[in-house]
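Please open the model in your viewer and keep the sequence panel beside it, since this tour moves from the whole chain to a few selections.

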Amino acid sequence: MRLLAWLLPLFALLALAQDVATQEKRVRDLEAEAARAKALEQEAQARIQKLNQALARLSKRVADLLQEKARLEKEIARLEAERMALRQEIARLEEAVRETEARIAKLEKDLAALKERLQALMRSLHRERAGRYLPLLRAQSFTDLAVRARWVGYISKQDADLVRQLQTTLKALGEERERLKLLLQSLSEKERALAEIQRKLEAERQNLLTTLASLRKEEEGKKALLRDALSERQRLQSALAQLQARVLAERQRLLLLKRQEEERRRQEEERRRQEEAQRKQATLRPSPAPAQVVVPPPPLPATVGRLAFPVPGGRVVVPYGQEGPFQVIAGPVPGSPVQAAADGYVAGVLYLPNLGYTVMLVHTETLSTVYTNLQEPLVAEGQKVSRGQLLGYTGGGLLIRPEELEFRVAARVGEETRFVDPAAYY
């Protein structure tokens, strides 16, 4: 437990430098996601606006069609009433034609009988031309004779007048019949024309009803799409609100991390100034003193010996303390192998995108080593390793050259744990 207690701060020191960059990336990712959600919400709003406009146009068109339907139905009702009146007038005329034809038939019959009577009278008079006075001779007296002669002439005159009257009446009735037939034909043609107009109006009304049904179906579809769009917009607004809350929280966390980083840098700068002041004071003393005090590690077990150089064939390109409490070792090529400096076990594996994988090995309770900028390691946490065992290859980070390794040695003296110069242990 004590070992873990002094190892945890080492990981905190390694992670602090990357927490700010990681947090900034997280904030950028959340802001980009929020921007995408906002764009989607605006697209949903535009889609809703278009659907509302389409529904308004459909509603106006439906209202116009309903108004046209009412006009057509009113016109159809008017035509139907007019046709009914025409049918009644046609029926009345047909009845008048039938009555006229019956009167004509009766008069023709009477005229035929009268003509036959006159023809019989003429034949009789012709036969009796020679003895036309015989009826007169049979008279009992002169008065009787005078009466008989008068009545024979009167009857003949009356029959002739009746024939002329019947012929005149027949002619008038014939003309009336023709007039009624022409009027009946005109009314029938007008009724047929009205029927054709009504048929066309009925067909137009049926087409209008079909269009109305199609528009109502389209309107229902638009309403369903509008409901879906409103639901989608509500979901997007809720997601956007959550993302904005997360962005705000992550920004606050980023601000806190930046403040911590600034404090750490200030403390590091203060420490460096103090060390620089100590070195300057040491150079002013008459007796020579080393430029840097190296904290020696606790004695290693006899089986451990000196530390192995972590990158076979590599060289130190940045000494300890120049850029930080670590050495930068350059391997022969990008992706150079990295080996364990001594026997121990894997205390932890940490991944930071800008630094790659970091592997920490614990060798004794007072000594550990840290290897940064590895690709995916070949060892796992808790695994025992031996001196020279392959841990992985360089090139896992974005901010460190692919052939370089940041190597740290942590030592604990008393209750204090700090990184020390690895050059003292090779």
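Show the surface of the whole chain, which comes to about 27,000 Å² of accessible area, 55% of it belonging to carbon and sulfur atoms; such areas come from the Shrake-Rupley method with a 1.4 Å probe, and for residues only the protein chains shown count as cover. The model is predicted, so local features need pLDDT of at least 70 and side-chain atom pairs count only at pLDDT 80 or more, while totals for chains, interfaces and linings use all residues. Residues are numbered from 1 along each chain as its sequence is written, and side-chain values use heavy atoms, with hydrogens and water left out.

Now switch to a cartoon view, where the chain has three helices and 10 strands (DSSP runs numbered from the N terminus, H or I of at least four residues for helices and E of at least two for strands).

Next, select Leu 183 in helix H3, which covers residues 142–284. Is Leu 183 buried or exposed? Leu 183 is partly exposed because its relative accessible area is 32%, and that lies between buried (under 20%) and exposed (over 50%), with a 1.4 Å probe and protein chains only. Add Ile 90, which is 93 residues from Leu 183 in sequence but 8.8 Å away in space, C-alpha to C-alpha.

Finally, select His 363 in strand S5, residues 356–364; His 363 is buried, with a relative accessible area of 13%. Leaving aside neighbours within four places in sequence, His 363 is in contact with residues including Ala 342, Asp 343 and Tyr 371, where contact means heavy atoms within 4.5 Å.
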